[in-house]
Amino acid sequence: MNVSKRFEGKVAIVTGGAQGIGAAISQRLAAEGAAVAVADLTAERGGETVAAIVKDGGRAVAYGADVSKTEDVQSLVAAVVAEFGKIDILVNNAGITRDNLLFKMTDEDWDSVINVNLRSAFLMSRECQKHFVAQKYGKIVSLSSRSALGNRGQANYAASKAGVMGLTATLSIELGPFGVNVNAVAPGYIATAMTDATARRIGLDPEELKKAAAGETPVRRVGYPEDIAATVAFLAADESSFISGQTIQVNGGANR
Ligand code: NAP
């Protein structure tokens, strides 16, 4: 792929950057010149993403933080600013599923998904905006999902991802006057460990589910982490600075 260098001199934090979509986003931003803080539950988990970036000549450091916890978020952002001197781009990507039909869904299923998928985006955005507002520059891109429109067995997940849309629209209003763009990306079926786990939960081989998902998608393929990374990079770049408060669907046309 021929990439430009839209992020030369910029510093990005990507949560959940150890694997899947977060790893692809980290690698894409680094390939375009950003120094990337790869945050995941432990620094060890982010090591592979960092090694891939460094091997390609980029700059990245792995951090351990549970981004659903206030103290972890405060320490993470302080550590990144201490290392890189500033933050320009925040990608709220960390996410989990705890799927169950409503009558079987536990309090723990509900709370953990809301906390990791939605509370973390609130905590990270609140911590980073201090730096963004002071420097009158910032980009926030959060991961929503097509499931925000409703998906059987995902009341907790759908609510968290619809919450990300509302958070995004509101933060864009509050932070826009300070040079901060706030947007979200709502992927459809993206082939990662998360969708493989969903396949196994419903008793399918991951390849079977991929085939079925591709058949139901107008462009006749599933998505890949690189599809989402390209969209996040566009929204984090200055060329899209008149776009704010939006949730962009990236799903090959599979809107339902
Ligand atoms: P993934 O492969 O499961 O990766 C998620 C990463 O987030 C993992 O490395 C995970 O670490 C980390 N993480 C989980 N809880 C965390 C926490 N509390 N603090 C810090 N990091 C944490 O998922 P993915 O498929 O790449 O999805 C990435 C994002 O895209 C998620 O927000 C997801 O909801 C969204 N999305 C995905 C799809 C899809 O089809 N794959 C579709 C729509 C939206 P552990 O592995 O150690 O838990």
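1. In this predicted model, helix H1, which spans residues 20-31, supplies three residues to the lining of the second largest pocket, and that is the largest share of the lining. The pocket in question has a volume of about 170 Å³.

2. The residues that line the second largest pocket are Lys5, Gln27, Ala30, Ala31, Gly33, Ala34, Ile53, Asp56, Gly57 and Gly58. By character, the lining divides into four nonpolar, four polar and two charged residues, a division in which glycine is counted among the polar residues.

3. Turning to the sheet, seven strands form an open arrangement in the order S3-S2-S1-S4-S5-S6-S7, and the pairing is parallel. Strand S3 (59-64) and strand S7 (247-250) are the edge strands, each of them pairing on one side only, while the twist from one strand to the next averages 20°.

4. At the S7 edge, strand S6, covering residues 180-187, runs parallel to S7 and is joined to S7 by four bridges. Within this part of the sheet, valine 185 stands opposite isoleucine 248, the latter belonging to S7.

5. Two helices deserve comment for their placement against the strands. Helix H2, made up of residues 47-55, lies across strand S2 (35-40) and S3, and runs at about 175° to S3. Helix H3, made up of residues 70-84, also packs on the sheet, where it touches strand S1 (11-15), S2 and S3, and the direction of helix H3 makes about 155° with that of S3.

6. As for annotation, an unreviewed UniProt entry lists residues 10-188 under "domain: Ketoreductase", and I would cite this as the statement of that record, since such annotations may be inferred rather than shown by experiment. Over residues 10-188 of the model, the chain is 48% helix and 20% strand, and the C-alpha atoms at the two ends are 29 Å apart.

Key:
Residues numbered from 1 in each chain as written. Predicted model: local features only at pLDDT ≥ 70, side-chain atom pairs only at ≥ 80, totals over all residues. Heavy atoms only, no water. 1 Å grid on protein atoms, 1.4 Å probe; cavity = no way out; pocket = protein on both sides within 12 Å on 5 of 7 lines; lining within 4 Å. Points joined across faces, edges and corners; volume = space filled by probe spheres on them. Pairing = 2+ DSSP bridges. Axes fitted to C-alpha atoms, helices over the stretch in contact; angles between N-to-C directions. Contact = heavy atoms within 4.5 Å.
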